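The following explanation leads a new reader through one structure, beginning with a single residue and widening from there to its neighbours and to the chain.

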Amino acid sequence: MNAKNAAVYIGGFAVIALLCVVALAYGAGNGSEFGGADDGAEGVIGEYDPDYEPWYSGIFGDYELPGETESMLFALQAAIGAVIIGYFIGHYTIKKE
């Protein structure tokens, strides 16, 4: 890697870090919480149709998973996605050379 590529990578990481810091500072300053899309969708559906009942149940039925288990499943999903993306980036990088 030459100096020009290193500067581009360092600049890109700096921009990403700055965006993360600004997003966290802006969210904390407004007293807002980081919620998932499920929570937002539930609120909107409740506004339009308060009597709505889901037509399906989850894999575990009505049983609510503990927060640690939900976090673990989310992290596992992210790790699998990262491995798949990393494989294809590596495959095409090697193939190009």
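**An aromatic cluster and its setting**

Tyr92 counts as partly exposed, since its relative accessibility is 49%. The value falls under the 50% above which a residue would be called exposed, and it is not under the 20% that marks a buried one. The model in which this residue is seen is a predicted one. Tyr92 is located in helix H3.

To place that helix, one may turn to the chain as a whole. The protein chain contains 3 helices and 0 strands. Read from the N terminus, the order of its elements is α-α-α. Of its 97 residues, 2% count as buried. The chain has an accessible surface of about 9100 Å², and carbon and sulfur atoms account for 66% of that area.

Which aromatic rings pair with one another? A search of the whole structure yields 2 aromatic pairs. One of them joins Tyr87 to Phe88 in an edge-to-face arrangement, with 5.2 Å from centre to centre and 75 degrees between the planes. The term edge-to-face applies here because the angle of 75 degrees is over the limit of 60 degrees. Phe88 also forms an aromatic pair with Tyr92, and this pair is stacked, with a centre-to-centre distance of 6.5 Å and 25 degrees between the planes. The angle of 25 degrees is under 30 degrees, and the pair therefore counts as stacked.

The position of the stacked partners along the chain can be described as well. Phe88 and Tyr92 are 4 residues apart in helix H3, which spans residues 67-96, so about one helical turn separates them. Through the ring pairs, Tyr87, Phe88 and Tyr92 are linked into a cluster.

How accessible are the other members of this cluster? Tyr87 has a relative accessible area of 53% and is exposed, because this value is over 50%. Phe88, by contrast, is partly exposed, at 42% relative accessibility.

The three aromatic residues also belong to a wider feature of the surface. Met72, Leu73, Leu76, Ile80, Ile84, Tyr87, Phe88 and Tyr92 make a nonpolar surface patch of about 820 Å². Tyr92, the starting point of this account, is thus a residue of helix H3, a stacked partner of Phe88 and a contributor to the nonpolar patch.

Technical notes. Residues numbered from 1 in each chain as written. Predicted model: local features only at pLDDT ≥ 70, side-chain atom pairs only at ≥ 80, totals over all residues. Heavy atoms only, no water. Phe/Tyr/Trp six-rings, centres within 6.5 Å; stacked < 30°, edge-to-face > 60°. Buried < 20%, exposed > 50% of the residue type's maximum accessible area, 1.4 Å probe, protein only. Helix = DSSP H or I, 4+ residues; strand = E, 2+ residues; numbered from the N terminus. Areas by Shrake-Rupley, 256 points an atom, 1.4 Å probe, with all protein chains shown as cover. Patch = residues over 30% accessible without salt bridge, like charges linked within 9 Å, V, L, I, M, F, W, Y side chains within 5 Å. Salt bridge = Lys/Arg side-chain N within 4 Å of Asp/Glu carboxyl O.
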